[in-house]
Structure formats: C-alpha cells, structure tokens
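Biologist: Could you take a close look at one part of this assembly for me? I'd like a walk through a single interface, symmetry and chemistry together.

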4 protein chains.
Amino acid sequence: MSLNTFGHLFRVTTWGESHGPALGATVDGCPPGVAVDEAMLQHWLDQRKPGQNKYTTQRQEPDRVRILSGLFEGRTTGTPIQLMIENTDQRSKDYGEIAQAFRPGHADITYHQKYGLRDYRGGGRSSARETAARVAAGGVARAALAALVPGLSITGYMVQIGPHRIDRARFDATQIPLNPFWVPDAQAATEWADYLDGLRKSGNSVGAVIEVVASGVPAGLGAPVYGKLDTDLAAAMMSINAVKGVEIGDGMAAAMLTGVDNADEIRIGNDGQPLFLSNHAGGILGGISTGQEIVVRFAVKPTSSILTPRRTITVAGAETDLITKGRHDPCVGIRAVPVGEAMMACVLLDHLLLDRGQTGGIRGQIG
Amino acid sequence: MSLNTFGHLFRVTTWGESHGPALGATVDGCPPGVAVDEAMLQHWLDQRKPGQNKYTTQRQEPDRVRILSGLFEGRTTGTPIQLMIENTDQRSKDYGEIAQAFRPGHADITYHQKYGLRDYRGGGRSSARETAARVAAGGVARAALAALVPGLSITGYMVQIGPHRIDRARFDATQIPLNPFWVPDAQAATEWADYLDGLRKSGNSVGAVIEVVASGVPAGLGAPVYGKLDTDLAAAMMSINAVKGVEIGDGMAAAMLTGVDNADEIRIGNDGQPLFLSNHAGGILGGISTGQEIVVRFAVKPTSSILTPRRTITVAGAETDLITKGRHDPCVGIRAVPVGEAMMACVLLDHLLLDRGQTGGIRGQIG
Amino acid sequence: MSLNTFGHLFRVTTWGESHGPALGATVDGCPPGVAVDEAMLQHWLDQRKPGQNKYTTQRQEPDRVRILSGLFEGRTTGTPIQLMIENTDQRSKDYGEIAQAFRPGHADITYHQKYGLRDYRGGGRSSARETAARVAAGGVARAALAALVPGLSITGYMVQIGPHRIDRARFDATQIPLNPFWVPDAQAATEWADYLDGLRKSGNSVGAVIEVVASGVPAGLGAPVYGKLDTDLAAAMMSINAVKGVEIGDGMAAAMLTGVDNADEIRIGNDGQPLFLSNHAGGILGGISTGQEIVVRFAVKPTSSILTPRRTITVAGAETDLITKGRHDPCVGIRAVPVGEAMMACVLLDHLLLDRGQTGGIRGQIG
Amino acid sequence: MSLNTFGHLFRVTTWGESHGPALGATVDGCPPGVAVDEAMLQHWLDQRKPGQNKYTTQRQEPDRVRILSGLFEGRTTGTPIQLMIENTDQRSKDYGEIAQAFRPGHADITYHQKYGLRDYRGGGRSSARETAARVAAGGVARAALAALVPGLSITGYMVQIGPHRIDRARFDATQIPLNPFWVPDAQAATEWADYLDGLRKSGNSVGAVIEVVASGVPAGLGAPVYGKLDTDLAAAMMSINAVKGVEIGDGMAAAMLTGVDNADEIRIGNDGQPLFLSNHAGGILGGISTGQEIVVRFAVKPTSSILTPRRTITVAGAETDLITKGRHDPCVGIRAVPVGEAMMACVLLDHLLLDRGQTGGIRGQIG
C-alpha cells in the first residue's frame with residue numbers, strides 16, 4: 001500500500017480526477033490466461049453508476065471502461081492492465097465559491113494544507129468518482145477469482161442508514177438488487193426511501209453501514225502479525241472515501257463478549273473437515289482465513305456537500321458560510337456497496353496469490 | 001506492510017515466538033541523530049509487562065530490551081536498530097493437550113491449516129508476547145517524534161470493558177496511570193475491578209475498547225486514496241492480536257450522523273490559523289491530518305484461552321472438549337493500551353517522513 | 001521495484017503493448033507544485049522517436065504524449081500523473097511466422113513458457129516501445145529535479161558500438177545532439193555511420209554501450225547496504241530492454257585497479273568543501289553520492305530481430321529457420337540513450353525524496 | 001528493496017555493525033516446513049570466515065550463527081527467522097585517526113555527509129562483516145531451494161584478480177574449493193598467490209571479478225520490464241560492498257556482438273524440450289529465465305583500507321595523509337565469492353515464490 005497503490009502481488013493503482021480528461025486503474029500482477037473483457041467490467045461499473053435513481057448524484061456519466069493493455073485475444077497476459085474511464089459530464093460551471101472556500105467535513109482544506117494547491121473542480125482526486133476505478137479493477141479481480149476458486153462469491157449490502165438498521169430476522173438476499181439501497185429487506189427498503197426523501201428535501205445527508213460477505217474462501221489465506229487478511233481488509237475498506245470505521249466479524253461489539261461466548265466452537269463436519277458452530281470471528285483467526293464466511297462491515301460518514309449552510313473559512317483566511325450546490329449523493333454510502341465488494345475481491349485475490357507464493361497453496365491436514 | 005513488516009519509510013519488522021530464545025523488532029529508516037537508549041525503551045516496555053497485577057497474566061518476564069545495532073554514542077545512525085528481548089520464563093511443561101487440540105477462537109487451527117505445522121508452545125508467533133516488540137519499536141518512534149515535533153503527545157486508555165463504558169463526563173486523564181485498566185475515570189476503575197474479578201474467578205474472559213489520541217500532530221500528514229493516514233492507522237491497529245474493529249473519530253457511529261451534524265465547522269483562531277469547532281472526523285479529512293487531535297479506537301476480543309471447557313477438534317480429527325490452563329490475561333485488552341500507543345507513534349513518524357519526502361514538509365498557506 | 005513499477009517514493013508503473021491501443025506510465029509520488037506540460041515531455045519523447053534516421057526503426061509514430069491526470073493549472077498536484085501515448089502505426093500485417101516461431105535471442109520463448117500465451121504483435125509488452133513511457137515519466141522527474149536542485153544536469157551518449165569505442169581525448173559534448181548516434185565525437189560519428197550502414201545492409205545488427213552522467217547531484221543521496229544509490233541505478237538500467245551489463249564509475253575495470261590507484265584522494269577545495277582528485281567511484285561511495293559526477297554505463301545487446309536466418313523452434317515444437325522481417329533498429333542501443341537519461345532522472349529524484357524523508361536533507365558538516 | 005531489505009516475498013533485512021554487540025539477518029516469507037538448522041547455515045558462513053589464510057583479514061571471528069526464531073522441531077514455520085552472529089573479536093584499540101579522517105575510496109565521508117555522524121569502529125555498518133548476515137540468510141534460501149527445486153545448484157568462483165584472468169580452457173570446477181581464491185584453475189591459483197603476496201607486502205590491495213552460475217533453474221522465473229530476474233540479480237550483486245559492475249551472460253561484451261552471433265539458436269532436445277545452442281544471454285531473455293544456466297559476474301574494487309599513505313581530509317576540514325592500519329583483506333573480492341552465491345540463492349528463491357504466486361508455476365507447453 002503506497003500513495004495510490006494497494007496490494008502486494010495483485011496491485012491496483014488508481015489515478016485521475018473528477019473533472020480531468022479521464023480516470024482509471026493500472027492493474028499489475030494479474031494471473032495470466034484469465035478471460036476478461038470490457039462488458040464484464042462494465043457490468044460492475046453500471047452498479048455504482050451515478051444518476052440511476054433519486055438517491056444518488058444526478059450527474060449523468062456513462063462510466064464506460066476501456067481496456068488499453070494487458071489482454072490478448074480476450075485473455076490476460078500477465079502484464080499490466082490499464083483501465084480507463086473518460087469523464088464526459090464535466091458540466092462547465094463557475095467553481096468560484098468552492099474554489100475559494102473549504103467545505104467543512106471535506107478534504108478541501110487538508111489538500112490545500114498539504115500540497116499548497118488543489119484541483120477543486122468536482123473535488124478533484126478526492127471525488128467519489130475515484131471509486132469507479134476501484135470497481136473496474138475489482139472486476140478483473142473477480143474474473144481471476146472465478147478462474148482460481150470456482151465457488152467463491154462476494155455480496156455487499158447496506159445494513160444501516162442513519163438510525164435505521166436492518167432486521168436480521170427478515171434478511172433476504174434476493175432483495176438486494178431489487179431496491180436502490182442494496183438492502184436485503186424489502187420492508188427496510190420502503191422505510192429508508194421515505195427517510196432519505198425527507199433528508200434530501202431538507203438539504204441534508206446521512207451516513208450508512210455496509211456489510212460485505214465472501215463465501216467459499218479457502219482456509220489459509222492471510223498471515224500472522226502485519227500481513228493479516230483482516231489488516232489488509234481494514235486498510236482496503238478504510239481507504240474508501242468517507243469511511244470512518246471497519247469491523248471484522250463481531251467488530252466493535254467483540255468488546256462486549258466473554259471468552260465463553262466468543263469461542264467459535266468446532267466440530268467435524270460430514271465432509272470430515274472442521275465445522276465451526278458460530279462465526280464471531282468473521283472467518284479470520286490470527287489473521288488467517290478459517291474457511292468460513294469472511295464478514296466485513298464499514299461505516300460511511302454523510303456526504304459533506306450539502307445544501308444547508310455551514311460555517312467555514314476561505315483560502316484567504318476569511319470566515320464565511322458555505323452552501324454546496326450541485327449534484328451530490330444524499331447518502332454516499334449507497335454507492336459504496338459495489339466499491340466494498342470490489343475491494344474485497346482485490347484483497348482476496350491478492351492474498352490467494354501471496355499464499356500460493358509462500359506455501360504453494362498446500363493445506364495442513366486435519367484427521 | 002508485508003508479512004511481518006509495517007511502515008513505508010520507518011519500517012518495523014517483528015520476529016520471534018513466545019517460547020523461543022528471544023523475540024524482537026528490526027527497525028529500519030529511523031532518522032539519524034536521535035537520542036535513544038535502552039532505559040528509554042524499557043520505560044514503555046514496563047507498561048505492558050505481564051504479572052503487574054492480578055488482571056494480567058502471571059507469567060514473570062522482565063522483558064528486558066537490548067539494543068544490538070544502529071546506535072553510536074547514544075544516537076541513532078540511520079541504520080537498522082535491532083531490539084532484542086530474551087524469553088526467560090519459558091516454564092517447562094507438558095504442552096500435550098494444546099499441541100494436539102485447537103483452542104476455539106484462537107489462531108491454532110489457521111496456523112495449522114496454512115503452514116502444516118505450528119509452534120504450539122505458548123502460542124508461538126501468535127502469542128501476545130509479540131506485542132512487546134511493537135512497544136519497543138514504538139519507543140524508538142516516540143524518541144524520533146520528540147526530536148522532530150516537540151509538542152506531540154500520544155495517550156491511550158480503555159473506554160470499555162465488556163458492557164461497561166466510561167462516562168465521558170468524568171474523563172480525567174490524570175487517572176490513567178493510577179489504575180490497572182488505564183481508565184481515565186476513578187469510579188470506573190473500581191467498578192471494573194469488581195467485574196473482572198468475578199469473570200476471572202468464573203474461568204472466563206472479556207473484550208475491551210481502547211482509545212488512542214495524538215495531539216500536536218501537524219496538519220498535512222497522510223495522502224489521499226490508499227496512502228491515507230487513517231488507512232495506515234486502521235491497518236496498524238487491526239494488526240494487533242485479537243483486534244476486530246477500528247474506528248477513526250466518530251467511527252461506526254458516523255453512520256448515524258447527518259451531514260449537518262458531521263461537518264466540523266471552521267473558524268479562524270486567535271493565531272490566524274483554522275480553528276475547528278468539533279472533531280467528528282478524528283483529526284483526518286481525505287486521509288490527511290487537519291492539525292486537530294487524531295482519535296482512534298479499537299476493539300479487542302476476549303482472550304480465547306479460558307478455563308471453561310469449549311468444544312473443539314484435534315489435529316487427528318477427533319472431537320473433544322478443551323480447557324486452557326495456564327497464565328492467561330482475563331482481558332487482553334488491558335495490555336493492548338501501550339501497544340496501541342506504540343502503533344500510533346510508529347504510524348505518525350512514518351507519515352511525517354513520507355510527507356517531508358514528498359512535499360518537503362512545506363504547508364499551503366491560509367490567509 | 002515490483003513487476004512493472006520502479007521507485008520507492010517517486011514511483012513509475014509503465015503499461016501497454018506495442019500494438020495495443022496505447023501505452024503509458026502511471027507516475028505516483030511526484031512533489032506538488034512542479035510546472036509540467038505536455039510540450040515539456042514531448043521534447044524528450046521526440047529524442048527517442050522512431051523513424052528519425054536510417055539507423056532506427058522506420059515505424060512512423062508521432063509518440064504524442066497526453067497527460068490525463070495529476071495536473072491543475074499547469075502544476076503537479078501531488079496525485080498520480082497518467083501519461084498516455086496512443087499507438088497509431090500498428091501496420092496491419094500477417095504475424096503468422098512470428099506468432100508461431102520464437103525469435104532466438106528474444107523474449108518470445110520465455111513469455112510463452114511463463115505465461116502460456118503472448119501478445120506476438122510487434123513484440124507486445126517486450127517491445128522497445130515500452131521505453132517511450134519511461135522517457136515520458138523521466139520528463140516529469142526532470143521537471144521536479146529542476147525545481148528542487150537547480151544546477152543538476154543529466155547527459156547520455158554512446159561510447160561504443162560493436163568494436164568501435166570513442167576516443168576520450170576527442171570528447172566533445174557539443175557533438176552529442178548533432179549526430180544520429182548521440183556520440184560526443186564527430187569523427188566517431190562518421191566512422192560509425194559507415195560501419196552501421198554495412199551491418200544494416202547485410203541484414204545484421206550490433207550492440208552498444210551508453211554512458212549517462214549526472215552532474216550537480218548533492219552529496220548524501222542513497223543509503224548503505226540495499227538502498228544504495230548504485231543498487232537502484234543498476235536495477236534501473238538493467239531493467240531497460242536488451243541491457244546485459246551495468247557499470248558505476250570504473251565498473252568492471254575496477255577489478256584491475258590497485259587500492260593505491262582506486263583511492264579517489266580528497267583535498268579541501270576553494271569553497272571549503274571536499275574536492276576529489278579523481279572519480280574512479282563514479283560519484284558513489286558506500287551507496288551514497290559524494291557530490292561528484294554520477295557516472296553509469298550500460299551495454300545493450302544487438303537487436304534480435306534480424307534479416308539473417310537463424311535456427312529456432314515453433315510453438316508446436318518443430319525446428320525451423322527464422323528471418324525477422326519488419327522495421328527493426330540495426331542498433332537498438334542508439335535509442336537507449338534518452339531512455340538511460342530518463343532512468344537516471346527517475347532514480348535521482350526518488351533518492352532525493354527518500355533522503356529528505358529520512359534525514360530532512362540536512363548534511364553533516366565538514367570543517 | 002528498501003534501505004536494508006531486499007526481496008519481494010522472500011525478504012531479507014540485515015542489521016548490525018562491525019563492532020557492535022552483534023549483527024544478523026531477519027528473514028521473512030520463507031516457505032514453511034523446510035528443514036533448517038544452525039549447522040547447515042554455519043557451513044556456508046565458514047566459507048567466508050575471516051582469518052582462514054593470509055589473503056583474508058586476520059581478524060579472528062568464529063562467526064557463529066544462532067537461530068533465534070522461526071523454527072519448530074527443525075523446520076521453518078513460515079514466520080520470521082532471526083539469524084544472529086555475535087561480534088567477539090572487537091579488538092580494543094584507538095580509533096583516533098580513522099575517527100577523524102575519511103579513508104579515500106571508502107564510505108567514511110558519505111556516511112558523515114548524509115547522517116552527520118558515523119560509527120567509525122571497524123567501518124560500522126559499511127564493514128564487509130555485514131555480508132556474513134547475507135551468507136547466513138542465503139543458507140536459508142538454499143535449504144528452501146533444495147526442497148522446492150531438487151536439481152538446482154549454485155557455484156561461485158573468481159575469474160579475475162587485478163590484470164590476471166582465468167584461462168577458460170583450463171576451467172576445472174573441482175579446483176574451486178581447493179585454493180584460497182575459489183578459482184577453477186590450479187595454475188591460476190599458484191600464479192595469483194604470488195601476485196597477491198607481492199601486493200600485500202607492498203601495502204596495496206587489488207580488485208577482482210566473481211562469476212556465479214546457477215544451473216537447474218526452471219524456465220519462467222522473472223517478469224518483464226522492472227520485475228526482471230536480471231534486474232533483481234543486478235541489484236542484489238551491486239548491493240554487495242565494493243561492487244562496481246554487474247554482468248549477465250556476455251555482459252558488457254554484448255556490445256561487441258552482432259545480432260547473428262548473439263542469437264542463442266534453439267533446437268528440440270532429446271527430451272522434446274527447447275535446447276539452446278549457446279548462452280550469450282546468461283539464461284535470461286526478456287527478464288525471464290530460459291532454463292539454461294544463469295550466469296552473473298560482478299567486479300569488486302580493491303580494499304580502500306591500505307598501508308600506503310593517501311591524501312585525504314579530516315572531519316574538521318584539514319588536509320592530511322592517511323595510512324589505514326589494521327587487519328584488512330588485500331583482495332576483498334575473495335570473500336565475496338560465498339556472498340555472491342548467497343545473493344543468487346536469495347534472488348532465485350524469491351522469484352520462484354513470485355512466479356508460483358502469479359502463475360501457479362504452470363508452464364506454457366511447447367510441442
């Protein structure tokens with residue numbers, strides 16, 4: 001993980017600003033021979049595309065991805081894959097106020113402090129548009145995972161918006177793609193729509209919690225101490241714009257458990273392999289996958305660009321009040337769902353390659 | 001961050017097992033000319049030393065650190081600093097049961113699955129003893145920070161144990177070193193002692209939440225996208241044994257905020273510099289420090305080695321019940337406080353060096 | 001240095017194949033505030049452009065570089081700079097023979113062995129076109145160096161082609177840009193032209209040695225042991241296509257020196273600073289720059305695509321003879337001159353940033 | 001490769017100074033289950049031990065290696081292996097002159113310039129003693145290679161000392177361990193002994209060229225562009241103290257070849273696999289191993305610590321003449337032979353792990 005790169009062997013570097021000519025991802029270290037094409041990546045990009053419903057920014061971007069390198073006759077060659085998404089809806093407008101004042105709760109001020117200049121057009125590099133590049137790269141990772149670990153699947157969904165949490169008793173995965181919130185609960189979807197409509201009309205925004213689950217992950221991915229699978233998952237999710245907290249398994253609530261409750265007891269399953277009776281650990285013990293579902297959650301803070309005036313200062317050092325006009329998501333967490341899935345895919349592929357690098361992918365026998 | 005190394009320019013690699021001859025940290029990239037000696041590091045190590053009270057393991061280890069390289073006439077030379085702690089209390093005993101069975105909730109099983117063998121003596125590499133090396137390395141980082149950023153301070157403390165949270169209204173930093181829990185609240189210390197005594201006697205253990213705050217951190221540390229200061233803090237804290245969740249600022253609760261509440265409004269302070277009116281962001285916006293306090297929390301799950309029998313399996317594939325005898329912490333979170341501080345110190349120094357590498361440490365002007 | 005990335009803080013990842021839609025470089029970690037524009041980069045690209053004279057490939061490519069990100073109002077923002085060069089002269093042709101047979105002395109066979117497939121069109125990723133991306137990235141590094149170290153200059157030139165070496169007594173730097181060989185010796189330029197004409201007409205090719213000198217480099221760049229300045233220079237030059245040897249200072253001839261001769265004796269110069277009386281070391285001692293000229297040389301093997309038939313095998317395992325038709329450089333070393341300069345620029349900038357990261361750029365005093 | 005670390009997956013960090021308490025290597029990423037013990041590593045260390053004959057320093061060090069971590073019941077566990085060598089012959093002496101003056105041709109001055117201080121006792125970190133740690137780490141790499149690639153062997157030897165080169169026609173590998181120069185030519189051994197005796201008595205020293213050959217290396221190790229096998233070999237060898245040039249295959253002489261001569265022609269061997277008719281490439285094409293012998297050479301400059309007075313300056317800025325007394329190798333190249341072998345072993349293992357990480361170690365079929 002360096003400035004704009006993550007991953008050890010499967011490495012993704014994203015580049016580009018919201019209102020520059022293009023943005024994208026340079027993907028290095030992909031296994032060779034994996035079938036990948038633009039349509040396959042576009043499928044995932046379309047899921048986070050803006051303007052799909054009234055709960056996401058009304059910016060109209062096709063977010064069309066082009067593959068500029070690294071493929072030959074439809075297969076990865078093992079060399080870098082360049083994924084480019086051209087910016088097409090850079091609405092010409094007056095950036096005057098945002099150019100001069102720092103949105104409170106936004107990276108405007110820290111970019112200025114660190115770099116001495118900032119690309120204020122649409123948030124520049126700090127725009128949520130950067131996550132489109134992650135989703136495209138995640139599409140490559142998913143294709144490689146599909147080839148290497150056939151049964152693996154990754155599913156993300158919202159579990160909380162503002163004060164509203166899903167009712168786990170009503171969990172229904174088939175609902176996830178059927179509502180604008182990727183929420184696995186039809187009733188919650190209806191209630192959340194009302195809630196968010198009200199917030200949006202009042203010129204406000206709200207935070208959310210997203211859960212991403214990977215099933216079919218082999219035991220043995222990760223490594224102790226710093227190369228932990230959960231260390232990299234935490235870093236990957238925390239690197240997404242606006243994320244302020246990351247949990248594995250029971251997460252922060254693990255503090256409330258006793259050792260008796262926390263122990264995920266083990267039996268021998270019908271297949272002769274370890275069968276865990278619970279999953280407080282979220283599928284990771286000592287930094288290494290157990291073979292259970294990997295469960296990660298992350299909290300996304302509310303969009304800082306809102307129509308309600310907030311007190312702030314200008315580059316010139318004057319105090320002012322600022323309203324952020326423009327096409328902003330009332331809950332940026334919604335579009336973070338496919339982004340979280342993409343990060344999960346990238347981390348799992350990277351650790352799969354790391355593991356077979358060090359151990360050859362051979363597992364210690366039980367029984 | 002690779003298998004056993006973290007940091008970009010200030011890099012720490014820890015090594016060693018609980019019951020091997022020694023463990024330690026190889027620290028590379030330290031600025032030259034920093035005054036460091038063994039006593040300075042020992043000060044921090046003594047804080048996490050086992051056997052100090054009845055709430056931590058009764059293992060008697062002096063945890064004496066030796067500096068084997070990288071110093072000349074009491075100052076760092078810019079070359080690797082080797083910190084070694086010899087293991088002296090490796091009680092000879094029969095490891096039979098632990099050698100054959102996997103403690104549920106512990107890394108025993110995943111080490112076996114990944115590597116095909118494991119050092120079961122005292123948990124081997126997965127022992128909490130590994131964190132002694134982090135604390136020693138953190139001592140070096142603190143010394144360098146003291147030289148480079150005189151006003152910077154780092155304070156860790158417990159804010160929750162099991163269901164018991166501190167009352168922020170009673171927050172009193174002077175209490176932190178006066179009780180065995182590093183809790184900033186004398187009343188909580190008394191109540192927690194009773195609670196933990198009960199748990200310990202019942203052969204159980206419990207989780208905790210630790211908060212670490214750094215004040216005096218300059219604005220401008222960190223970088224957008226993957227080299228975020230919060231990305232590295234999340235990774236650093238998640239890499240500590242038994243940690244299951246990490247929060248920056250409001251953390252998971254950011255999901256409950258609206259944009260109006262979340263905006264840390266800005267005024268011009270008496271010094272002509274930005275003055276933030278709140279700190280929901282925990283001192284980091286867009287991955288870059290704002291100059292406010294950096295606030296990080298992490299949850300530690302309960303110790304998995306408990307005296308209450310739990311169902312598990314053996315290496316041979318048999319089902320069994322397991323009681324873990326031995327000298328285990330009823331709340332491993334207590335000793336995680338100095339570890340969290342050490343990780344904070346390492347990450348901040350690393351980002352300070354990264355920042356002056358890329359930008360020269362020059363800050364954009366306001367006003 | 002990972003698969004397609006080099007550099008520690010100033011990191012360059014090149015991507016793209018000879019006959020794909022485009023190739024380029026993703027440049028991360030550049031200091032902010034540096035004036036860069038496309039014309040500035042194009043200046044350097046034009047130096048390695050094919051088709052400029054009869055000694056380089058007749059492929060007609062404008063090699064026009066576009067900057068897709070990382071700039072704002074003509075200055076670097078500190079975020080990734082994406083440099084893209086579209087491939088325009090992908091002559092449609094039958095690749096049949098090259099697709100089936102491996103050119104001896106070429107990467108054809110090793111790509112096939114490693115990846116199981118290869119992009120045979122124009123050599124794919126192994127084409128010398130990849131070096132265009134390096135030259136573009138080097139242009140960014142030069143701009144940053146110009147801002148940070150005003151007096152620094154980098155000059156590359158050929159010192160040998162086949163058996164013909166330059167006469168150091170006739171060294172005239174003003175000749176370098178005046179002949180197609182970048183040779184600092186007008187007489188050699190004439191002789192080499194005759195020599196290369198003969199070779200080219202006979203369907204043959206030849207190797208070369210390039211020397212790159214950097215002057216005005218501050219003392220103190222580099223680090224002992226593995227982060228040596230010469231380690232990174234050796235890696236950078238060896239990574240260029242077809243390079244088989246790298247020398248610093250006296251290089252391989254250092255083996256012939258005695259200690260008496262090798263000692264670059266030191267006096268105090270008129271400026272009160274160390275004055276070295278010779279430079280056998282090539283400006284680097286113990287991996288760290290002395291302040292003298294940095295002198296690097298590298299040998300480029302002859303182009304393996306030649307019109308003379310050579311024995312080889314096919315993918316199907318049949319023995320065959322192969323002639324490589326097409327537009328190939330008779331001495332690929334010629335166009336390696338600007339590439340070597342670019343690599344020097346990237347390594348020096350990277351080490352400048354590394355040094356000010358670790359030490360703050362403060363130098364130990366003498367006198 | 002960072003300051004004191006090399007390798008991607010198999011990572012070695014060396015630490016320690018000549019006259020500190022100890023030096024060593026922290027080895028991370030080793031495959032699990034490899035049989036390793038101290039005697040196995042000591043075997044290689046004994047080869048570079050000082051004081052074995054009159055051509056190496058008379059310092060008497062047992063160079064006894066201890067393994068402090070990473071093993072369990074004689075096998076690697078996949079966690080860091082700490083190798084420590086205590087310094088025992090730190091002759092108490094007056095360092096006055098060396099403490100104040102910079103040896104010309106030595107890192108003394110650059111350490112002072114960069115770090116502002118230096119450990120002048122025995123050269124501190126820049127001492128050739130650092131290479132003992134490399135040899136120990138190389139022993140671990142050899143053990144892992146032996147387990148993973150049974151037929152692989154690595155052989156280093158001297159091919160040149162001062163003006164004297166071996167006669168390839170007399171090459172006899174059985175001679176290598178029989179003479180103090182590791183030279184594969186009994187007659188050369190005799191002649192070189194006379195030559196070096198004369199030099200030593202005259203208070204002088206001399207350079208050398210070492211060749212290291214690895215046979216039985218599978219095809220497919222390495223990667224194009226920056227992750228080339230030859231890039232990492234060049235870096236590894238250049239990082240050894242006093243090395244000034246590195247060659248792969250024909251090396252610098254590749255400049256003299258024509259394309260016709262350089263083409264290593266290919267036939268189908270009796271085993272149905274590619275059979276190369278020559279090896280100008282040194283076993284690497286396009287950065288990837290061909291399955292032929294890997295051939296690397298490097299030049300070591302003469303020891304800079306000599307008994308002949310040389311002009312230099314002091315820390316205080318005064319001009320002076322300096323004689324370096326003490327126990328110095330007249331040709332430090334001799335002891336570089338086992339060091340070059342160790343670096344070859346580390347690089348090959350690292351690339352073996354990298355390759356099976358990315359590709360699974362599956363090779364493209366021919367025929």
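**The contact between chain A and chain D**

Modeller: Sure, and keep in mind that this is a predicted model. Start with who takes part: chain A puts 15 residues into the contact, and chain D puts in 15 residues too. Put together, chain A and chain D bury about 1,000 Å² between them, and 58% of that sits on carbon and sulfur atoms. On the chain A side, the residues that lose the most area to chain D are R356(A), G357(A) and Q358(A), which together make up 49% of what that side buries.

Now the chemistry. If you go looking for salt bridges between chain A and chain D, the count is 0. Polar contacts are another story: 9 residue pairs across chain A and chain D are in polar contact, counting pairs with both residues at pLDDT 80 or more. Sorted by class, the side of chain A that touches chain D has 7 nonpolar residues, 7 polar residues and 1 charged residue.

Then there's the symmetry. To lay chain A on chain D, you rotate by 180° with 0.0 Å of shift along the axis, and the RMSD comes out at 0.0 Å. The two copies are therefore related as by a two-fold rotation axis. Within chain A, the C-alpha nearest that axis belongs to G357(A), at 1.9 Å from it; G357(A) is also one of the three residues of chain A that lose the most area to chain D. And both copies use the same surface here, with 100% of the contact residues of chain A recurring in chain D.

How values were computed
Residues numbered from 1 in each chain as written. Chains lettered and ligands numbered in written order. Predicted model: local features only at pLDDT ≥ 70, side-chain atom pairs only at ≥ 80, totals over all residues. Heavy atoms only, no water. Least-squares fit on C-alpha atoms with pLDDT ≥ 70 in both. Contact = heavy atoms within 4.5 Å. Buried area = accessible area lost by both parts, 1.4 Å probe. Salt bridge = Lys/Arg side-chain N within 4 Å of Asp/Glu carboxyl O. Polar contact = N/O pair within 3.5 Å; in protein donor to acceptor, adjacent residues only side chain to side chain. Nonpolar A, V, L, I, M, F, W, Y, C, P; charged D, E, K, R; others polar.
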